[in-house]
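These are my notebook entries on one protein chain. I wrote down what I looked up, entry by entry.

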Amino acid sequence: MSSMTSGNASDFEFSAIRRGVVTIWFISTNDPAATLETGVQHDRGFGRRFLALYDSTLPVTPIGDFPLNRSAETGDGEYYIGGFEGVAVLQTVLDDVSQLSQLSPRLRQEIAATDVYASVSNKSTGFGAFAHWHDGELKRAFSATRYRTLEDIGLPCPAEGSFWAGKHRPLPDAFKDTGSRPREGVGLPFVPAELADAVITDWLGFDPHSPATDIPVSGFAVDGRRAAPGNSYSTSRSPRGLT
């Protein structure tokens, strides 16, 4: 994760605004895993079309084609986008991921889908967030640090049960506070980032972080940088495990 989105646990406990990487899934099929297992190919044109609709003034530069699940996360001014039959995914950095229920409608509505899932999982701080819309209606949204719940909307989904039951307690020294402020309140019986990963896996029907099935995406920069000559992969965000 890039330094601008990592920080430390103390930062995320006390900040009113939390910058981070959000991944949004657009699903219009009963079995998104099956779609990916067919060996789908990326379509760079899909990402370009999305960005043109989202903001036609953006200076779009391709920065690579690679598997989302085997790459570093997006950095500032970057979008990773993949579109397949009944499944699409978008990853980017947002200035504030504290409450995903407030995700920009333009960001989640430009790609038509029955279900839209968004998640944030910050391994450095433990912060986690997730949200689900069905036919445009918000069904569930939750975000928290270890010591602060920032939003809790809708009914918990089945994947949350074991976390709330205390079956995934963090290690005693997990996310040790390096700041000067004392922690407040009672800590959650789980790491919110781990809860976010479990929930998105349950919603999708597959683990989007697993290397078992590649998730092809195209990367784009919108900060005016030039494309790297003679290299189909991003030089600033090299996919893990690829050469």
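I call a residue buried under 20% relative accessible area, exposed over 50%, and partly exposed in between, with a 1.4 Å probe and protein chains only as cover. By that scale I put Asp207 down as partly exposed, because its relative accessible area is 36%.

Ground rules. I am reading a predicted model, in which local features need pLDDT of at least 70 and side-chain atom pairs count only at pLDDT 80 or more, while totals for chains, interfaces and linings use all residues. Residues are numbered from 1 along each chain as its sequence is written, and side-chain values use heavy atoms, with hydrogens and water left out.

Entry 1, the whole chain. I counted helices and strands as DSSP runs numbered from the N terminus (H or I, at least four residues, for helices; E, at least two, for strands). The protein chain comes to seven helices and nine strands. Of its 243 residues, 50% are buried. I took contact to mean heavy atoms within 4.5 Å. Among contacts between residues at least 6 apart in sequence, 71% join residues at least 24 apart. I noted an exposed surface of about 11500 Å², with 49% of it supplied by carbon and sulfur atoms; the areas are from the Shrake-Rupley method with a 1.4 Å probe, and for residues only the protein chains shown count as cover.

Entry 2, helix H7. H7 covers residues 192-204, 13 residues, and reaches 18 Å from its first C-alpha to its last, close to the 18 Å expected at 1.5 Å a residue. The expected span is 1.5 Å times one less than the number of residues. Which residues of H7 are buried? I listed Pro192, Ala193, Leu195, Ala196, Asp197, Val199, Ile200, Trp203 and Leu204. The cover over the buried residues of H7 includes strands E1 (20-27), E5 (115-121), E6 (128-134) and E7 (137-144), along with helices H3 (32-37) and H6 (161-164). Gly205, just after H7, takes a positive phi of about 85°.

Entry 3, beyond H7. I found Asp207 in the loop between H7 and strand E9 (216-221). Its C-alpha is 9.2 Å from that of Asn69, with the two positions 138 residues apart along the chain.

Entry 4, the largest pocket. I searched on a 1 Å grid over the protein atoms alone; a pocket is an open set of points with protein on both sides within 12 Å along at least five of seven lines, and lining residues have an atom within 4 Å of a point. The largest pocket holds about 420 Å³ of space. Its lining has 21 residues, and the closest to its centre are Thr23, Glu73, Gln91, Lys123 and His209. E1, E5 and H7 each supply at least two lining residues. By class I logged seven nonpolar, nine polar and five charged residues in the lining.

Entry 5, a positive phi. Asp135 has phi near 50°, positive in a residue other than glycine. Most residues other than glycine have a negative phi. I placed Asp135 in the loop between E6 and E7. Is Asp135 buried or exposed? Asp135 is exposed, because its relative accessible area is 59%.

Entry 6, two glycines. Gly47 lies in helix H4 (residues 44-54) and counts as buried, at 1% relative accessibility. Leaving out residues up to four places away in sequence, Gly47 touches Ile81 and Phe220. The C-alpha atoms of Gly47 and Ile81 are 5.3 Å apart, at 34 residues along the chain. Gly83 lies in strand E3 (residues 78-84) and is buried at 14%. With the sequence limit of up to four places left out, Gly83 touches Phe46 and Ala88. From Gly83 to Ile111 I have 9.4 Å, C-alpha to C-alpha, and 28 residues in sequence.

Entry 7, Thr35. Thr35 lies in helix H3 and is buried, with a relative accessible area of 13%. Beyond four places in sequence, Thr35 touches Thr29, Val40, Phe84, Glu85 and Val87. For Thr35 and Phe84 the C-alpha separation is 7.6 Å, and they are 49 residues apart along the chain.

Technical notes:
1 Å grid on protein atoms, 1.4 Å probe; cavity = no way out; pocket = protein on both sides within 12 Å on 5 of 7 lines; lining within 4 Å. Points joined across faces, edges and corners; volume = space filled by probe spheres on them. Nonpolar A, V, L, I, M, F, W, Y, C, P; charged D, E, K, R; others polar.
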